Amino acid sequence: MSRQVSPTAPGALEPQPSRVSLEGIGDVVDAGARSGYAHLGERRAPTLGQLCSAAREAAAVLVRPSTWPVRRGRWQPAPRSARRHAAGRLRVSVVALEPNSFVAGPQSPAHRRGPMEVLHLVSGRAHLINSGPDGWMRSAAELAPGRSRVVGTPAAGGQRGHQFLVNTGDEMAVVLRVTA
């Protein structure tokens, strides 16, 4: 079937805009509306920038040795003055390590899937060591002073090894952890 084009009627071939009704499309109509189901409620996860910012601000409070934790070699909640910089559901913890000592690194609870964690070196020198389930070392990453390191978790179905935070310097190492 061929159409014959008439040069005298330019608007004759232009399609007329049709009216589209969204009544039958439930997903589009309900987009943005609150659900009646609590488990479908939106929970905004903090961004990595927010975690790094909270770690940087909390580390600024912990620069003075008088604010460092008294107990050594154990993760513990950071002082209130440092936790104040973490808004929302962010948790701030700190560890102080003697020279040549280590502590088990960040470990996520079994009920939480894919938590975001950031480590920030406050003082000293430390490395984050990753080892496989067989005990062999996979990687060693130095924590740089004044920089935050994002700690990753294995992809779904991946084998999880162990992480250790090791003081590799000659002085006390203080490391801050911010977890979402």
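**Salt bridges, a central strand and two nonpolar cores**

R125 is partly exposed, with a relative accessible area of 41%. This value, like the others below, comes from a predicted model. R125 forms a salt bridge with E142, and the closest N and O atoms of the two residues lie 3.1 Å apart. The bridge links distant parts of the chain, since R125 belongs to the loop between β4 and β5 while E142 sits in strand β6 (residues 137-143), 17 residues apart. E142 likewise counts as partly exposed, at 38% relative accessibility.

How many salt bridges does a search of the whole structure find? The search finds two. Besides the R125 pair, R72 forms a salt bridge with E98, where the closest N and O atoms are 3.5 Å apart. This pair, too, connects distant parts of the chain: R72 is in the loop between α2 and β1 (76-77), E98 is in the loop between β2 and β3 (102-104), and 26 residues separate them. R72 has a relative accessible area of 37% and is partly exposed; E98 is also partly exposed, with 36%.

Stepping back to the whole chain, the model contains three helices and nine strands. Read from the N terminus, the order of the elements is α-α-β-α-β-β-β-β-β-β-β-β. Of the 180 residues, 31% count as buried. The chain exposes about 12700 Å², and carbon and sulfur atoms supply 52% of that area. Among contacts with a separation of 6 or more, 73% join residues that are 24 or more positions apart.

Strand β9 is a good place to look at how these parts come together. It is mostly covered, with seven of its seven residues buried. In a regular strand, side chains alternate between the two faces of the sheet. In β9, A173, V175, R177 and T179 point one way, whereas V174, L176 and V178 point the other way, and all are buried. Strands β2 and β9 run antiparallel and are joined by seven bridges, with S93 standing opposite R177 of β9. β4 also pairs with β9 in the antiparallel sense, here over six bridges, and L119 stands opposite R177 in β9.

Which residues touch the most other members of the largest nonpolar core? Among its 22 residues, these are V92, V122, V174, L176 and V178. At least two residues of this core come from each of α2 (48-61), β2 (91-97), β4 (117-123) and β9 (173-179). Helix α2 gives the largest share, seven residues. V178 offers a close-up of the packing: leaving aside residues up to four places away in sequence, V178 touches L51, A54, A55, L90, R91, V92, M116, E117 and V118. A second, separate core holds 13 residues, including V95, L121, L128 and V151.

A last example is H127, which lies in strand β5 (residues 126-131). Is H127 buried or exposed? Its relative accessible area is 16%, so H127 is buried, the cut-off being under 20%. The side chain of H127 makes a polar contact with the side chain of T168, at 2.9 Å. Not counting residues up to four places away in sequence, H127 touches A141, E142, F164, L165, V166 and T168. E142 thus appears again here: it touches H127, and it is the salt-bridge partner of R125.

Key:
Residues numbered from 1 in each chain as written. Predicted model: local features only at pLDDT ≥ 70, side-chain atom pairs only at ≥ 80, totals over all residues. Heavy atoms only, no water. Core = buried A, V, L, I, M, F, W, Y, C linked by side-chain atoms within 4.5 Å. Buried < 20%, exposed > 50% of the residue type's maximum accessible area, 1.4 Å probe, protein only. Helix = DSSP H or I, 4+ residues; strand = E, 2+ residues; numbered from the N terminus. Contact = heavy atoms within 4.5 Å. Polar contact = N/O pair within 3.5 Å; in protein donor to acceptor, adjacent residues only side chain to side chain. Areas by Shrake-Rupley, 256 points an atom, 1.4 Å probe, with all protein chains shown as cover. Salt bridge = Lys/Arg side-chain N within 4 Å of Asp/Glu carboxyl O. Pairing = 2+ DSSP bridges.
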